[in-house]
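Reader: Hey, got a minute to walk me through this one? I'd like to start with charges and rings.

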Amino acid sequence: MKVTLNWLKEYVDFSLSPADIAKILTMAGLEVEEYHTETRDFSNLVVAKVESVAKHPNADKLSVCTVNTGVKQLQIVCGAPNVAAGMLAPLALAGATVAGGLKIEARAVRGVPSDGMLCSEVELGLSERADGLMVLPENTPLGMKMEDFIGEADTVFDIFITPNRPDCMSVIGIARVLAAFTGAKFIKPVVKFSAPLMEPVEKSMSVEIMNSDKCARYSGRLIRDVQIKQSPFWLANRLHTVGIRSINNVVDITNYVMMETGQPLHAFDYDRLAGKKIIVREAVEGEKFVTLDNQEHTLNKEALLICDAEKPVALAGVMGGINSEVEDSTRTVFLESAYFDPANIRFTAKNLEMMTEASRRMEKGIDPDGTVYAMDRAVQLMEELAVGRIVQSCIDNYPRKIDPVKIDLSVGRINTLLGTSLSAQEIIAFFPALEITLLRQDGDLLHIIVPTFRPDLTREVDIIEEIAMLYGYDNIRFELAPKINQTQEQNPNTHFRDQIRYSLAGFGFRETISYSLISEKLAEPFLADKCEFIKLLNPLSLDMAGFRPSLILSLLTNVAYNRNRQMPDMRFFEIGNVAWKEPQQQGFTEITQIGAILAGKKQQQAWNAQAAGYDFYDIKGAVTAFLRKCGIHNFEQGTVREKIWDKESSSILINGKYCGAFGKINAALCSLFKIKVPDVYAFFINYQDVYENRATGLKYTAISKFPSIPFDLALLVDAGIALHDIEKEIWQSAGPHLVNLKLFDYYQGEQIQQGKKSIAFSLTFSSKECTLSVEEVDRAVKNVLSHLNKLFGAILRPG
Amino acid sequence: MAEKLQTIVTQISQITAEFQRELAGAESRNDAEQLKLKYLSRKGPIQNLFGLLGTLDNQDRPQAGAELNRLKADVQKAIDAKIESFYVETASIESFDPSLPGQDWPVGGIHPLMVVMDEIKQVFAGMGFRIEEGNEIETDYHNFEALNIPPHHPSRDMHDTFYLGGKYLLRTHTSPVQIHVMESQKPPIRMIAPGKCYRKDTPDASHSPMFHQVEGLCVDKGVSFADLKGVVQAFALKMFGRDVKVRFRPGFFPFTEPSAEYDFSCFCKGKGCRVCKNTGWLEISGAGMVDPAVFGFVDYDPKIYSGYAFGMGVERIAMLKYEIPDIRIIYENDLRFLEQF
Ligand SMILES: [Zn+2]
C-alpha cells in the first residue's frame, strides 16, 4: 500500500521527518518497506500561454505556435492534439530536462525553428496522461516556475499491510494509526455536499439482494447531468504518486475515495442498466461474464453477481462489466458502495485469478459501517469538480446488520500475558486512539465495544495486542529468569543422529545439504517397483518437479556439480528425508536416509605414494566402520534391489532386514547424471534401522589378565566358497577361546591349483580364567580344520 | 633321495649363496630393488624351480615345495629388510627433510548451515528445550488449519505452498511439529522444532524454495510476553555475544497474538552498514504469544495455559555469520565452499 506524506497530512497534524514516520509506523505494526522523496528537476520549465496556433508547413500532425512566457514571445513547434490558442501549458525552455532524460534545446523541427517544447503531464513525470498538453488553470501567472506551481516534492511510503489490517489499506486508516502512536489529532474529513436534485431515488433505481449472507449491505447514489472529462491535475497526480492510472473524472474519484477510505466503489453507466434495477444474486454454474478488462470468465455458482433486470453487470467486489462501464458518452452515473462477504470475494478472486484493488480490500473485510460515508465522500468530490448533479436521496439496503463486537477485557489477564503491571486507568487511556468505547468497568473487567472498521478485533487477546503495541513492545521487560522445564529428557533420536553426522565427518566425509526437490527423470531409477515419484501439483520448474526418493540421487548431483568444475575427487555424506508413494497408498512414505559417496581418487600421486582410486572394498570398509561406530558389529550381505548399482554391489542386512546397500554406481546411472568417469561408489542406509539397532545400555566387559596366543592358519579351498561362510564356521568350531579372527592373505592364480584359492587367517586365542596351553590352542585349530575339511573340503596350504 | 629332488636342493643352496653375496654387495635402494626383480620375478630362478616341482615323484613334492617356499620367503624378507635399511639410513642420516608433505589424510566436515543449526539446537537444549521433529510432507490441517489459518484465509498468501494433491503439501514452516507435540502431550511444553521447509519462491540471492527453520514453543501456566523477550534475548547473547541487542516490533502471524517480529542489533554496532541497510538492525524472524485458537485445536484450556512461540531462519543466521552473499551457494555443495568450514 502506497501513501504519501502530503496526503497523510490532510487527516493528521504532524511535523515529523519521513524517517520518523517510517519508524513510528513500523513500530505500530505497519512495516514501511521503503520510502522515497520524489526527485525531479523542473529547472527551465515555466508557465506559458499559447497565443496563436498555425499549421506546420511540412508536417500534418505538427503545429507552429506563438507562446508567451510573460517575459517574451517564443516560437514552439508542437505535436499535441489539444494545443489551442488561449490555453496555458508548461513550457520547457532550452536547458530543461523532461522525463526520460530528454534534454531540451532550441532547434529546428522539420525545418521550422522551435525555442523549446510544450509539455504533457507524462513528460513532467506527474501522471501517465500522455494524450495532450498539461492544461494549466487560466488564472496561473505567466512565467511562473513549474516548480512553484507543482509545490514541494512529496514523499511516498510503501507499507506492507498484514492481512489482519484491512483498515490500513486506506490513507485514513494509516493516518489514524499515525495519530494514535504520536498523540497527534486525527481529523476525519467531514462530508458536505448540496445535492440539488430532490427526486426520490426509488423511482429511478431499486436494489434487490437475493443473498444477504454474501451481500450484507448495498448502498448507492445517482448522479445526473454527468460530464465525463479529464480529471484536474491534482487528482491525476495524486493517483499517480500511489501507482494508479488516471482514467476520467468519475473513475478517478471512485479510485481516490477507495484509496482514502478503503471502501471500493463502482460507477455504472445508469443508462446501460436495464429495468432501473439492481439484483444481487449468485451466478448460475457455468455462467459467462465479461469484465471491463475485456476478459470473459466462466463462473461457478459461488460467485456473486450484480445484475440489472436482464443481465449481470458486475462481478461483485472484484470488477465491473464491460457492458455497463462509464464511457465518454455517459450522462447518468449509478454509484455502488457495498459490503460483500470477505470469504466469498476471496474465493471468487482466487478462483478467477483476479486480484484487484477492490478484491484485495473486500476479501479482508472493509468497514460495513463505511459504505455511505465513502459514497458521500465521492459525490462531494463530484460536486466540487462539477462532474454532475447529485440526487439527494440515496439507496442503503442493509439486510444483514453487522453489529460492533463487544468484548470483556480483564486487566489481570493483560498483565499476565504481557508480563506488565498496567493499571485499569492506564489501559482505558489507550481506548480513544483505538476508537474503542468503554461501556462500563466491573472490578477487573472492562466491557468495551470495538469499532466496525477493525474486523480483526474480536477477542480479548486481540485487544491485548493493541494495548501491547500502544504501550510499546520496547517497554515490555526482558524476563531474565524465564520459566523453565527441566523434567524432560533429551530426544534420543535427534541426539543419535547428530552423533553419527559427526562420526561420518570424522571418517573423512563432507556433509552436503541438497535440494529435496528434483526432476522426475533423475528420480525414476531410484524408485522401487510400482512405487511412484511424488510430484508437486504446482512445481516451480521441471528440475524441481517433486520429492527425492533417495539420498544417493542428491549425492550424485553434487558429484556432477563438482566434476563440472574440475574437482573430480570427493567424499560426501548427507542425512535427510526421502519419500515416495507406495502402490495403493493413501498418503506417502517418508523416511530418513543416510547416504555417502566416494568419487575419484582416494590417494593422489605423491612423493611417497602412487595414485589410487576407490574400489568396492573401500565403500565396504566405510559401511563396516560406520556401522561399528553405531555399535552394529555384524551385518549380512545379500543381493541389491535398486537399479542403480553395478555388479560390484551388495545389500546391507541387519538382523535379516534389508536396511540399505552399497557398491559401485553403474555406468548408465552415472551418464544420466552426466558423470563422465563412472568411478563412483556409494552407500545408503535407512536411518531408523541404524537407530533401532544401535548400541544401547552398554556395560563394561572384563578384560583378560592372561596373555593371548596367536595362530596363523593358511588354507586351500574351492574358489567358489564365500569367505563369510568360512569365517562363520571358524567361529562355530574354534571353541570358546577364539577372540579374534582376521584374514591377512588371499590369493587366487598361479602357484595354486586351478579352481582353488588360498586364504590365510590370523586367529587369536585368549581366556579370562587362565593362560592357555599350546595343546589347547592346537586342539581348537585341529577342530577347526577338520570342521572346514568336512564342510568345504578345505586343507592346510602346503608349505 | 631321488635324483631330481637332489638337483633341486642343490640349486636351492646355490641360489641362496649367490643371493647372499649379491645382497651384501647392494649399496643403494635401487640395487636392492634390482635384486628383488632378479630373484622374485616370474622369470626368476626361484620361480623356475617351482616349475620343476611337477617333474618330481609324488612323495618328494611336499618336501621340495616346502623348501622352495621357505627360500622364497627368506629372499623376500631379506630384500625387504635391505630396502627398508636404505630408507632408514637416508632418512636418519643424510637428507631427512621434515618439510616434505605428510601423508594425505581425508578431511571431513559439517556443512556450515548445519554448524549453525547445531549451535542453535545446543543453545536451546541448554535452556531446557527438547528437540522435536516431524515429516516434511504434511497435511493441510497440521500446516494451516490447526495453526488458525483456515482454508481461503488471506494469510495463506504469505505462504506460497507446494501442493501434493489431496490434503497433502510440503510444510511451509516447522510449526506443524508444535501441533503434533501438543496433540500428544500435556503442558508444560518446552520444545524446538528444527527442519526443512518449502515455499514456492523462485530461487534468487535471498530466496530459496527449500530452507531451514527452527521454531520454539513454550506452554505453561503464566507464560508471558516478557518470558518470550527474555528467551530470545538469552539466545541472542549466547549465539552472538554479550553486546548484541534485541528489538521486538509488531508483526502478524495467525497462530500468535500478540505477534512480533524481532531484530538483533547489527555487527556494525548500530553505526549502519550495507548488511543492515543502514538501519543498525538485522531482521531475524517472528514470534508471539500462542493464539488461543491454536490451543482450541489441541484441546488446551487457554484460561489456564498461555505460551509463546518463536521462529528463525537458519540460512539467514548462517549468511549473516559467515557473510555468505547468496542463499543458493548453500545448496550447491561446491567443494571450494564446503572446504572453507
Ligand atoms: Zn550494520
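Author: Sure. The charged end of Arg497(A) sits over the ring of Tyr687(A), 5.9 Å from its centre. A charge counts as over a ring if NZ of Lys or CZ of Arg is within 6 Å of the ring centre and within 35 degrees of the ring normal.

Reader: And how far is Arg565(A) from the ring centre of Tyr561(A)?

Author: Arg565(A) lies over the face of Tyr561(A), with 3.6 Å to the ring centre.

Reader: Before I go on, what sort of model is this, and how's the numbering done?

Author: It is a predicted model: local features need pLDDT of at least 70 and side-chain atom pairs count only at pLDDT 80 or more, while totals for chains, interfaces and linings use all residues. Residues are numbered from 1 along each chain as its sequence is written, chains are lettered from A and ligands numbered from 1 in the order in which they are written, and side-chain values use heavy atoms, with hydrogens and water left out.

Reader: OK, ring pairs. How many aromatic pairs are there over all chains?

Author: There are 35. Rings of Phe, Tyr and Trp (its six-membered ring) pair if their centres lie within 6.5 Å; planes under 30 degrees apart are stacked, over 60 edge-to-face, and the rest tilted. One of the pairs is Phe547(A) with Tyr198(B), edge-to-face at 6.0 Å centre to centre and 65 degrees between the planes.

Reader: Where do those two sit?

Author: The pair crosses between chains: Phe547(A) is in strand E31 (residues 546-547) of chain A, and Tyr198(B) is in strand E5 (residues 189-198) of chain B. Helices (H or I, at least four residues) and strands (E, at least two) are DSSP runs, numbered from the N terminus.

Reader: Are Phe547(A) and Tyr198(B) buried or exposed?

Author: Both are buried. That means under 20% relative accessible area; exposed is over 50%, and partly exposed is in between (1.4 Å probe, protein chains only).

Reader: Switching topic: which residues are joined by cis peptide bonds?

Author: Pro187(B) and Pro188(B) are joined by one, with omega about 0 degrees. Pro188(B) is in the loop between helix H7 (175-184) and E5 of chain B. Another joins Glu257(B) and Pro258(B), with omega about -5 degrees, and Pro258(B) lies in strand E8 of chain B.

Reader: Last one: what's up with phi at Asp299(B)?

Author: Phi there is near 65 degrees, a positive value in a residue other than glycine. Asp299(B) is exposed, because its relative accessible area is 64%.
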